[in-house]
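Grab a pencil and open the viewer. Below are a few exercises, each with a worked solution to follow step by step.

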Amino acid sequence: MIGVVCTLLGRFMFQKMKRSSSVQPTIATFGKHSKDIMYIFEVRPVYRFRYISPALDEHIGAGTVEASYADPSDCFDRIHPDDVEILMSKISGNCNYDEPFPQRWRTNDGIYIWFEEYTTPIYENGEIVAVQGVIRNMDAARARQKELEQLCERDSLTGLYNRHAFDGLVSELQDGPLLPLGLITLDLNDLKQVNDRFGHVAGDALLEQTALCLSRFSPDAFRLGGDEFVIVSQNGTEQTVLDLIAALRCDFDRHELSVSLGFAYQTATTDVLDLLRKADQMMYQEKQRSKTLV
């Protein structure tokens, strides 16, 4: 819908402006009261803005509209370096105008803000003579999206990363270069007994306490489900993993948590699942030994 309005409005404004140096009152009023940024940028015969709505100053900073009229290259200086190609593709026609253009622009305060633009080219004799667009501030929407994505990757009870996040990390590492990887797996020894005797509220408290211990020593701790936890150590040595295990055991003892633990390490690998299997085997052996001692 935004794209359709942008197309009709832009063509109308461009034709009117070619015949008059002033913006038509009704269009100027529409642009003046819109929170979105509206513009028409002439590509031929020279680069220049035919129209920029006042909303640009509200989003980027006072004086931006005036500076852009005076020097069209100001917009090229403000766009994020990684998004310059997007800007060039819009004015050259080497893009898909049916899709919105995400881009970042620097404010007067030096902060980059995310915008989404719907752009339509204006042709004369088969050549692009101008582009016009509607630009919407998407910074808050992107922040909310990021929060939702983070929530999807977090275990609701413990706050640790969940199985979904672990599977994502597995895929990411498998597609990357070989690197030193260590994996620590652990399992609570007495969760079932606690649940049976004191109820799931007590069991949940036990899981939360375990998660607190893990998060104190590693930012890459995951709850895979139930009482199964994993820590992934990247680019460290085997001694680094062993030192982490020693610190964890000390903390578990201090909080009177009975845990079975296993680990696996390789100096150059991307196969997290292979490490997981090996660490699980060691953890299972430790759990069996703890049962024989009871």
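**Exercise 1.** Is strand 6 (residues 179-188) largely enclosed by the rest of the structure or open, and why?

*Solution.* Some ground rules before we start. This is a predicted model, where local features need pLDDT of at least 70, side-chain atom pairs count only at pLDDT 80 or more, and totals for chains, interfaces and linings use all residues. Residues are numbered from 1 along each chain as its sequence is written, and side-chain values use heavy atoms, with hydrogens and water left out.

Step 1: get the terms straight. Buried means under 20% relative accessible area, exposed over 50%, and partly exposed in between (1.4 Å probe, protein chains only). Helices (H or I, at least four residues) and strands (E, at least two) are DSSP runs, numbered from the N terminus.

Step 2: apply the cut-off. Of the 10 residues of strand 6, 9 are buried, so the strand is largely enclosed by the rest of the structure.

**Exercise 2.** Work out which strands pair with strand 6, and place them in their sheet.

*Solution.* Step 1: two strands pair if DSSP finds at least two bridges between them. Strand 6 pairs with strand 9 (residues 259-269) in the antiparallel sense over 9 bridges. In strand 9, look for Q266 as the bridge partner of L181, and Y265 as that of G182.

Step 2: now turn to strand 8 (residues 228-234), which pairs with strand 6 over 7 bridges, again antiparallel. Here D187 stands opposite E228.

Step 3: put the order together. The open sheet has 4 strands in the order 7-8-6-9, with antiparallel pairing. Strand 7 (221-225) and strand 9 are the edge strands, each pairing on one side only. From one strand to the next, the twist averages 20 degrees.

**Exercise 3.** Find the helices that pack on this sheet, then look at the core.

*Solution.* Step 1: contact means heavy atoms within 4.5 Å. For angles, axes are lines fitted to C-alpha atoms (for helices over the stretch in contact), and the values run from 0 to 180 degrees between N-to-C directions. Helix 8 (residues 163-174) lies across strands 6, 7 and 8, at about 115 degrees to strand 7. Helix 10 (residues 200-217) packs on the sheet too, touching strand 6, strand 7 and strand 8, and its direction makes about 155 degrees with that of strand 6.

Step 2: a nonpolar core is a set of buried Ala, Val, Leu, Ile, Met, Phe, Trp, Tyr and Cys residues joined through side-chain atoms within 4.5 Å. The largest one has 24 residues, and I184, L186, L214, I231 and F252 touch the most other members. Two or more residues come from each of strand 6, helix 9 (191-198), helix 10, strand 8, helix 11 (238-254) and strand 9.

Step 3: zoom in on L186. Not counting residues up to four places away in sequence, L186 touches a list including T210, L214, F252, V259 and M283. Apart from this core lies another, of 22 residues, among them F49, L56, I79 and F101.

**Exercise 4.** Which strands make up the open sheet of 5 strands, and in what order?

*Solution.* Step 1: the order is 2-1-5-4-3, with antiparallel pairing. The edge strands are strand 2 (48-52) and strand 3, each pairing on one side only. The twist here averages 35 degrees from one strand to the next.

Step 2: check one pair. Strands 1 and 2 pair in the antiparallel sense over 4 bridges, and F41 stands opposite F49 in strand 2.

Step 3: add the helix. Helix 6 lies across strand 1, strand 3, strand 4 and strand 5, at about 120 degrees to strand 3. The buried residues of helix 6 (residues 84-92) are L87, S89, K90 and I91. Just after helix 6, G93 takes a positive phi of about 90 degrees.

**Exercise 5.** How many disulfides does the count come to, and are C75 and C152 buried or exposed?

*Solution.* Step 1: a disulfide is a pair of cysteine sulfur atoms within 2.5 Å. By that rule the count comes to 0.

Step 2: C75 has a relative accessible area of 12%, so C75 is buried. C152 comes in at 51%, so C152 is exposed.
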